[in-house]
Amino acid sequence: MKNNPLIRFAVLAGLAVSGSAIADSTMVPAADWGSMISVPSSSAVLNELIYEFTVTPDQPLTISSTFTASGYQPGPYQPGFVSPGWFYVRQICSPDCGADGNVVFDMGKRYGWDFKLSDTMILIGDVGRGTEVGDYVPGATYTTTMTWNRAENTIDIMVAGGGGSFSRTVASSGRTITGLVFRGPNYDQMGASAFGQVSVMTQPIPEPQVYALLLAGLGLIGVIARRRRA
């Protein structure tokens with residue numbers, strides 16, 4: 001079924017609708033990053049959450065987050081080309097530029113068919129929306145971990161939950177990252193999805209003064225060592 005050109009066309013159409021939905025956003029304060037927040041469909045007032053932080057291209061970075069997909073399962077002749085949600089990192093060039101860290105949950109049931117678990121998709125992407133890595137279970141909770149390899153400009157992305165674990169390594173643009181963005185369902189009948197438990201792990205870049213102190217300390221150790229030998 002997944003190799004059927006009609007299904008692939010329908011999936012692309014669904015992704016296009018997901019990307020074109022006009023989303024009103026809300027900033028999530030750091031104090032609430034550990035909470036799960038329900039996000040309604042795209043016609044609601046707020047269906048986009050932004051977790052703001054700044055990480056420069058030379059900083060190590062790992063982001064983890066939790067996503068509970070809408071439990072929506074379409075019936076015969078109901079729309080099946082819909083998404084319960086997707087998320088990505090926001091970069092310095094503009095709020096929506098690039099595609100670093102895209103994780104898309106989508107559904108591609110053919111019109112008129114009964115729903116099957118294989119109609120769902122998890123896509124992990126670098127250019128565009130990504131490559132399908134597996135199926136998601138409606139209503140299940142998933143944990144995503146993204147780890148940047150700055151030396152190779154890649155991201156290792158792992159999605160685990162619903163009885164499965166999926167991973168893919170994608171290219172990274174190497175830009176400064178300014179936050180994590182989550183968008184809710186793009187179809188009213190899907191209800192709400194939930195997102196949260198965000199963790200951003202990085203290390204600060206040492207200031208020049210720190211390097212100077214480190215070199216001075218190493219020099220002092222060398223002097224002391226030479227005196228002891230003498």
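Begin by selecting strands β3 and β12 (residues 177-183), which run antiparallel and are joined by six bridges. At one point of this pairing, V55 stands opposite I177 in β12. The model on display is a predicted one.

**The whole chain**

Before going further, display the entire protein and colour it by confidence. The average pLDDT is 82, and 74% of the residues score at least 70. Residues 1-22 should be viewed with caution, as their pLDDT stays under 50. For this segment the model has 37 contacts beyond four places in sequence. In cartoon view, the secondary structure comes to two helices and 13 strands. Of the 230 residues in the protein, 42% are buried. The surface exposed by the protein is about 11300 Å², of which carbon and sulfur atoms supply 59%. Considering contacts between residues at least 6 apart in sequence, 65% join residues at least 24 apart.

**Strand β3 and its other partner**

Return to β3 and select residues 48-55. Is this strand largely enclosed or open? Six of its eight residues are buried, so β3 is largely enclosed by the rest of the structure. Now add strand β1 (residues 25-27), which runs parallel to β3 and is joined to it by three bridges. Within this pair, M27 stands opposite I50 in β3. Strand β3 thus has β1 as a parallel partner and β12 as an antiparallel one.

**The nonpolar cores**

Next, show side chains and select F87, F105, L180 and F195, the residues with the most contacts inside the largest nonpolar core. That core has 37 residues. Which strand gives the most to this core? The strand is β3, with four residues. In soluble globular proteins, nonpolar side chains tend to be buried together.

Centre the view on L180 and display its surroundings. Among the residues that L180 touches are L49, I50, Y51 and F53. Its contacts also include I63, S65, Y88, V89 and V198, together with F87 and F195, two residues already selected as members of the largest core. Apart from that core lies another, of seven residues. To find this second core, select W86, M121, L123 and V181, which are among its members.

**The start of strand β10**

Move to T154, in strand β10 (residues 154-161). Is T154 buried or exposed? T154 counts as buried because its relative accessibility is 16%, and the cut-off for burial is under 20%. Leaving aside residues up to four places away in sequence, T154 touches T147, W148 and N149, as well as T169, V170, A171 and S172.

**Two residues with positive phi**

The last stops concern the backbone. Most residues other than glycine have a negative phi. Select Y77, where phi is near 65 degrees, a positive value in a residue other than glycine. Y77 is placed in the loop between β4 (61-68) and β5 (81-91). With a relative accessible area of 56%, Y77 is exposed.

Finally, select Q197, whose phi is near 50 degrees and therefore positive in a residue other than glycine. Where is Q197 found? Q197 is found in strand β13 (residues 193-202). At 40% relative accessibility, Q197 counts as partly exposed, whereas Y77 counts as exposed.

Key. Residues are numbered from 1 along each chain as its sequence is written. This is a predicted model: local features need pLDDT of at least 70, side-chain atom pairs count only at pLDDT 80 or more; totals for chains, interfaces and linings use all residues. Side-chain values use heavy atoms; hydrogens and water are left out. pLDDT is the predictor's confidence in each residue, from 0 to 100. Contact means heavy atoms within 4.5 Å. Buried means under 20% relative accessible area, exposed over 50%, partly exposed in between (1.4 Å probe, protein chains only). Accessible areas come from the Shrake-Rupley method with a 1.4 Å probe; for residues, only the protein chains shown count as cover. Two strands pair if DSSP finds at least two bridges between them. A nonpolar core is a set of buried Ala, Val, Leu, Ile, Met, Phe, Trp, Tyr and Cys residues joined through side-chain atoms within 4.5 Å.
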